[in-house]
Amino acid sequence: MNAIVALHGIGTVVAFILMLLVYRAKPSEQQKILFAGTVFTFLDVSGYFFELQGQSLEAIRLAVKIEYVGTAMGLLSFLYFTCLYSNHLHGRVIRGIKAFYAVNNIFILSLIFTMEYHPLYYKSVGYTVEDGIHLLVFEPGIFYRWWTVSVTVMGLLIALIMVQSVFEHRGEKRPELLFILIASVIPIVMWMLRITGVFGHYDSYPFSMLIAECFLVFVMYRYRLFDAVKLAKDRVLDDIKEGILVADELGTLIYVNKEADTIFPDIDWKDREMVDERVFHFMDTHADGFIIEERFYEWQQSEIYDDKKRRAGVLYRITDTTDNYLYTKQLIELKEEAERANEAKSSFLARMSHEIRTPINAILGMNEMILRETDLGSVREYATNIYSASKVLLSIINDILDLSKIESSKMELMEADYNMGNLLLDIENMISLRAEEKNLNFKIVTDATMPKLLYGDEKRIKQCIVNLLTNSVKYTKEGSVTMQMDYVKNDDDTINLWVSVSDTGIGIKEDDLYLLFDPFTRLDMKKNKTIEGTGLGLSITKRLLEMMGGNLTVESIYGKGSTFSFVVPQKVAGEEPLGDYKKSADDVALPDAQERRAYVAPNAKILAVDDTRVNITVVKGLLKRLKVQFDSALSGQECLDKVKANRYDIILLDHMMPEMDGIETLHNMQQMEEYIQNKPVVIALTANAIVGAREEYLREGFVDYLSKPIDSVQLEEMIHKYLPEELVEYI
Ligand code: ADP
């Protein structure tokens, strides 16, 4: 075979291999164009290869057609490639040139494909055999000349674009540009040589295209031109702090990143069985995560789909959650610690306030005796001051006790029927005097149609309203304090009770509003330093309301005044409307001390049991006026002894005592014959002001209970209530 034919045979094979090589690479824009270039070069070279061997004019013509597809389209892709590579993609002129050549080349191709039927491209075609090679001989038509010109211009243009590109990037190390430049110069040089007739009938162009293409593909492989994205992806995959495993759709591991390799240190990733057993199976059996070398890992699995939504494999992502895990653990520990500390605080406060109430009890009791027994003006004044200071102290202690009970969820609501008229009247009595003292205009506005009888915890609702009103009076210098009450009917049995308390006081800064309900937090201390308070009232109010299913809101303009309002659901206990609350209040309000009928009981025998001597003294003092026969015991045991030896009408028995407490003492007493015979009335005395206490004491066998600090009026009333009538003498 002729050497030239052989060369072109090899050229066809090389072009084919080039095509395959590019095909294997990732399909980026440049690669696609380059790939198209290799395909067209393949057609070009193989077409000429067939042409050289054409045995007839028809065969040669066919080969020429194939060759021209390669030439016309190959040139076009070369132009596109150089534009893309030298970033001339978006230039307007370049876009115009590309479009022009696309139309031009396709037009020429159509002329070639129809060459038999017109003289536009070849006026006449024949062939000659030179040294055994078949070569086309023709008489050029008008468009052949046009093609020659346009290819020349195009080739020059491609070379020029590359020259400019090299020039632009001079100084940068871009050797690939030089190679591309060479690749772009070779075809045009060979083309020029051809049209000037240097090669005779031999068409050097296809082979020159092949050489150019070889350069391009070489550059692509040598300089990894289009691998940047892939490299970047690999880099990211290796750099991220997540283990990545990829298995194909059959479950075979095909990729493992560096991190995954570190997570499973002794795995030989090529050993399929080992990977299946010690990685995939291991992960499957530890769905919630696993621990390796004291690190905690969580993992996720997701399916991978290809462009056509076909399942292509599985991606495993393994995350090291050790820090998170330890952090969460630490947070939980801190939270538990904080809860424990809070509990300790609550119980400390509860115990402390309990302990403090006992001496206040004594102070108030003793003070009452002073008030009763002295007529000396100055002493009375001192005692009155002691009285009011002790009352303040007591209310603080009660607040602390309330708050600690709420915080430790020990606060219980005591619900019962109540008369809203009474509640409002009580509130008016409590607040109007204070408002008057400060020359404030205080009024209560109610809706007369609201139900009079409700069911709920009257004491707590009152406490909430009184807290808000006390604050308003405290923090208002002049103007008014207004309480409004309204309701919305929920259904036949319940209403939403709406209460608002507005004042024209100092107001609250917007920035401070969020602190308002924090316990022990007081605001605006510069202005308020002379006003007494603990910062407990509002937080207790808010929490009590929340316990009752309500909520407290506040609106305030600093310097102008505040409005606190709450809504709380209450059951309706009767149909009667409230009307004028002053008239709706029950007639039988508690008579005060002066109005009660005074009495003495000189024959009544009363035993007081308390481990604190001063409390005994207080009780004794409070009972002095009744002229009863008083006896005392300092412990449960002493009480039992005394009951054995004497007969008592009433026993006031303290609950909290060391060794034998009140309840135990009562139970022991109930076993005694003397008790069964004499049936003394046993009343519990307690500082334990918890809800439900009364019921509890009654269940234990007490007849009634009195809470400390003992109120003298209450004590006298209770004694009166339980003493047999024949022992009472009215005076
Ligand atoms: P206290 O009044 O004992 O300090 P509170 O919990 O009742 O505690 O109130 C917390 C703080 O909120 C008060 O110290 C005061 O600064 C502010 N505050 C409460 N009510 C009003 C009001 N009606 N007007 C202005 N400031 C108020």
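**Helix α13 and the ligand shell**

Visitor: Which residues of α13 are buried?
Guide: Happy to start there, with the reminder that this is a predicted model. With 3.6 residues to each turn of an α-helix, positions three or four places apart point the same way. A residue counts as buried when its relative accessible area is under 20%. In α13 the buried ones are Met420, Gly421, Leu423, Leu424, Ile427, Glu428, Ile431 and Ala435.

Visitor: On which residue is the kink in α13 centred?
Guide: The helix covers residues 420–437, and its end-to-end C-alpha reach of 26 Å is close to the 26 Å expected for 18 residues. Even so, α13 has a kink of about 30°. One of the buried residues of the helix sits at the centre of that kink, namely Ile431.

Visitor: Which residue caps the N-terminal end of α13?
Guide: Look for a side-chain oxygen 2.6 Å from the backbone nitrogen of Gly421. Gly421 itself is among the buried residues of α13. The oxygen that caps this end belongs to Asn419.

Visitor: And just after α13, which residue takes a positive phi?
Guide: The helix runs over residues 420–437, so to speak of what follows is to look past that range. There, a phi of about 60° is found at Asn439.

Visitor: Moving to the ligand, which element supplies the largest share of its shell?
Guide: The shell has 21 residues, with Asn471, Tyr475, Arg522, Thr534 and Leu538 coming nearest. By class, it divides into 8 nonpolar, 10 polar and 3 charged residues. At least two residues each come from α14 (458–474), α16 (537–547) and β14 (561–572). The largest share, 3 residues, is from α14.

Visitor: How much of the ligand's accessible area does the protein cover?
Guide: Begin with the polar contacts: a side-chain N or O atom of Tyr475 lies 2.8 Å from a ligand oxygen, and a backbone N or O atom of Gly537 lies 3.3 Å from a ligand oxygen. Ser562 brings a polar side-chain atom to 3.4 Å from a ligand nitrogen. Of the 530 Å² that the ligand has accessible on its own, the protein covers 98%.

Visitor: Is Ser584 buried or exposed?
Guide: Ser584 is found in helix α17, residues 581–584. Its C-alpha is separated by 66 Å from that of Asp288, 296 residues away along the chain. Because its relative accessible area is 9%, Ser584 is classed as buried.

Methods. Residues numbered from 1 in each chain as written. Predicted model: local features only at pLDDT ≥ 70, side-chain atom pairs only at ≥ 80, totals over all residues. Heavy atoms only, no water. Near = heavy atom within 4 Å. Polar contact = N/O pair within 3.5 Å; in protein donor to acceptor, adjacent residues only side chain to side chain. Areas by Shrake-Rupley, 256 points an atom, 1.4 Å probe, with all protein chains shown as cover. Helix = DSSP H or I, 4+ residues; strand = E, 2+ residues; numbered from the N terminus. Nonpolar A, V, L, I, M, F, W, Y, C, P; charged D, E, K, R; others polar. Expected span 1.5 Å × (residues − 1). Bend = angle between axes of the 7 residues up to and from the residue. Buried < 20%, exposed > 50% of the residue type's maximum accessible area, 1.4 Å probe, protein only.
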